[in-house]
Amino acid sequence: MADVLSVGVNLEAFAQAISAIQALRSSVSRVFDCLKDGMRNKETLEGREKAFIAHFQDNLQSVNRDLNELERLSNLVGKPSENHPLHNSGLLSLDPVQDKTPLYSQLLQAYKWSNKLQYHAGLASGLLNQQSLKRSANQMGVSAKRRPKAQPTTLVLPPQYVDDVISRIDRMFPEMSIHLSRPNGTSAMLLVTLGKVLKVIVVMRSLFIDRTIVKGYNENVYTEDGKLDIWSKSNYQVFQKVTDHATTALLHYQLPQMPDVVVRSFMTWLRSYIKLFQAPCQRCGKFLQDGLPPTWRDFRTLEAFHDTCRQ
Amino acid sequence: MGVTCVSQMPVAEGKSVQQTVELLTRKLEMLGAEKQGTFCVDCETYHTAASTLGSQGQAGKLMYVMHNSEYPLSCFALFENGPCLIADTNFDVLMVKLKGFFQSAKASKIETRGTRYQYCDFLVKVGTVTMGPSARGISVEVEYGPCVIASDCWSLLLEFLQSFLGSHTPGAPAVFGNRHDAVYGPADTMVQYMELFNKIRKQQQVPVAGIR
């Protein structure tokens, strides 16, 4: 209401300002009329020039006067919408024909909505930062500019150290054989054969596991040119499902400061698949559900569950 | 190639072989299995020729030469309880040349034909066993592709078999017990088919009412 009142106080000034604008416009058009008409109706050339200049000057002065008047009035009018929270758009509320142009209410709705969105996005970003899925250390606070310099130290481990960690894990589990190769530079690729149950291709970056693919024991894991095939998935639904779960496990086991522990925990978890076809589901007690055996292994207890039976 | 179990499904009482097969396939389709073409397994019996038998009067061994549409380029030659030879299909021509040693038993050809179904990682083949012109029985083959060790997935296979065979679920095939930890191979399947065919042949000798 205060806005409306303050506008009301200035209405007088508004009316005067509008008439001042009208005056200014007519005086300006008089100037152009005078220029258009040019010099005429005088006998001598000098008389014509004099009369024209005098007339032109008069006109210009009246323009000047009107302009000054308008400036004075505009100071009186002030800026009525300044203290409105929506600034100039708040003036839309003055539109009397609400039914035909409901712009103002729509604007308010959009404003509220975008406010809420911003609030929720802020909350979500806070939560997501707590549960970060970035698996290497020192990445959170590093600005984009400095990132190339501040490489996490865990990413530049010497290949010898990686070899040691892997061979130690290999010795830890007798039913699991790990074959390490480096076909593309320093990044290691592991071919893990688990009993006579399955084969897993593990793509590493230093000691971080980047990608795993699980295939059947009797499936081909090499491409035609003899390299490990890290792209194609298994032909069997059960191993496609296990691949999905293994990817989940990669994100679950994370300890940026001790990457060797992560690899060891992952391999321990993977080893529980030795009984993929022999262990019934711990919840429903059955072997099959929709044609699949219990493909999920609990991260802590390593118990077997169907994908839909786990909590 | 995964672990496979071949078994015989008895003909339902008061039904023909064809009707029982239809009943079975309808059950499979209701389970969600998808039809994937047809299959055929055939078997021919050969006697050891009398001229090659030793003077001690030992009985001639029977040899079975089999084909499986799942392995279209191979031919399987088996002795009962004996070795199984996997050869190229040219082996059939060789058998003709070996007429002096092995003679084909007359009207011994037995085969099973039917539809192939896929359900998840299971491959199910329901076939009608025919000998000459008449249907003699029903064969049910279930293969579980992802697993290669028979003893590992037998309980799982059993659960699947129970889901559509009900009370006619078979026991573990004899080949499963033979080699505990060995990788299952195509020859093991052929041995099971050979045993099934022999069983059905014997049934035929004692005429059973209600088969046809």
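I began by fixing one cut-off for these notes: a residue is buried when its relative accessible area is under 20%, exposed when over 50%, and partly exposed in between. With that in hand I opened the model, which is a predicted one.

**Entry: a salt bridge in chain B**

I went to Arg116(B) and read a relative accessible area of 17%, so Arg116(B) is buried. Its partner in a salt bridge is Glu70(B), and I found the closest N and O atoms 2.9 Å apart. The two sit in distant parts of the chain, 46 residues apart: Glu70(B) belongs to the loop between strand 3 (62-68) and strand 4 (74-79), while Arg116(B) belongs to strand 7 (residues 110-119) of chain B. Glu70(B), with a relative accessible area of 25%, comes out as partly exposed. I then asked which residues join this pair in a network of salt bridges. They are Lys125(B) and Glu141(B).

**Entry: confidence**

I looked up the pLDDT of chain B next and noted an average of 87, with 91% of the residues scoring at least 70. Residues 206-212 of chain B fall below 50, and I see seven contacts for this stretch in the model beyond near neighbours in sequence. Where pLDDT is low, predicted coordinates should not be read in detail, so I leave those contacts alone. For the complex, the predictor reports an ipTM of 0.87 and a pTM of 0.69.

**Entry: chain A overall**

I walked along chain A and listed seven helices and six strands. The order from the N terminus is α-α-α-α-α-β-β-β-β-α-α-β-β. Of its 311 residues, 33% are buried. I also checked contacts in chain A with a separation of 6 or more, and 45% of them join residues 24 or more positions apart. The accessible surface of chain A is about 19,900 Å², and carbon and sulfur atoms hold 55% of that.

**Entry: two salt bridges in chain A**

My first stop was Arg72(A), which forms a salt bridge with Glu69(A); the closest N and O atoms are 2.8 Å apart. Why are Arg72(A) and Glu69(A) separated by about one helical turn? Because they are three residues apart in helix 3 (residues 45-77) of chain A. Arg72(A) has 45% relative accessibility and is partly exposed. Glu69(A), at 33%, is partly exposed too.

My next stop was Arg205(A), in a salt bridge with Asp210(A), where I read 3.8 Å between the closest N and O atoms. Buried or partly exposed, I wondered about Arg205(A). At 37% relative accessibility, Arg205(A) counts as partly exposed, and Asp210(A), at 38%, does as well.

**Entry: a nonpolar patch**

On the surface I picked out a nonpolar patch made of Leu92(A), Leu103(A) and Leu107(A), with about 220 Å² of accessible area together. I placed Leu107(A) in helix 4 (residues 103-130) of chain A. Leu107(A) has 33% relative accessibility, so I put it down as partly exposed.

**Entry: where the chains meet**

I finished at the interface, where 20 residues of chain B are in contact with 17 residues of chain A. The area buried between the two chains is about 1,600 Å², and carbon and sulfur atoms give 59% of it. How many salt bridges did I count between chain B and chain A? Zero, whereas the count over all chains comes to twelve.

Note on methods. Residues are numbered from 1 along each chain as its sequence is written. Chains are lettered from A and ligands numbered from 1 in the order in which they are written. This is a predicted model: local features need pLDDT of at least 70, side-chain atom pairs count only at pLDDT 80 or more; totals for chains, interfaces and linings use all residues. Side-chain values use heavy atoms; hydrogens and water are left out. Helices (H or I, at least four residues) and strands (E, at least two) are DSSP runs, numbered from the N terminus. Buried means under 20% relative accessible area, exposed over 50%, partly exposed in between (1.4 Å probe, protein chains only). Contact means heavy atoms within 4.5 Å. Accessible areas come from the Shrake-Rupley method with a 1.4 Å probe; for residues, only the protein chains shown count as cover. pLDDT is the predictor's confidence in each residue, from 0 to 100. Patches are made of residues with over 30% relative accessible area and no salt bridge: like charges are joined within 9 Å, nonpolar side chains (Val, Leu, Ile, Met, Phe, Trp, Tyr) within 5 Å. A salt bridge is a side-chain nitrogen of Lys or Arg within 4 Å of a carboxyl oxygen of Asp or Glu. Buried area is the accessible area (1.4 Å probe) that two parts lose on being put together, summed over both.
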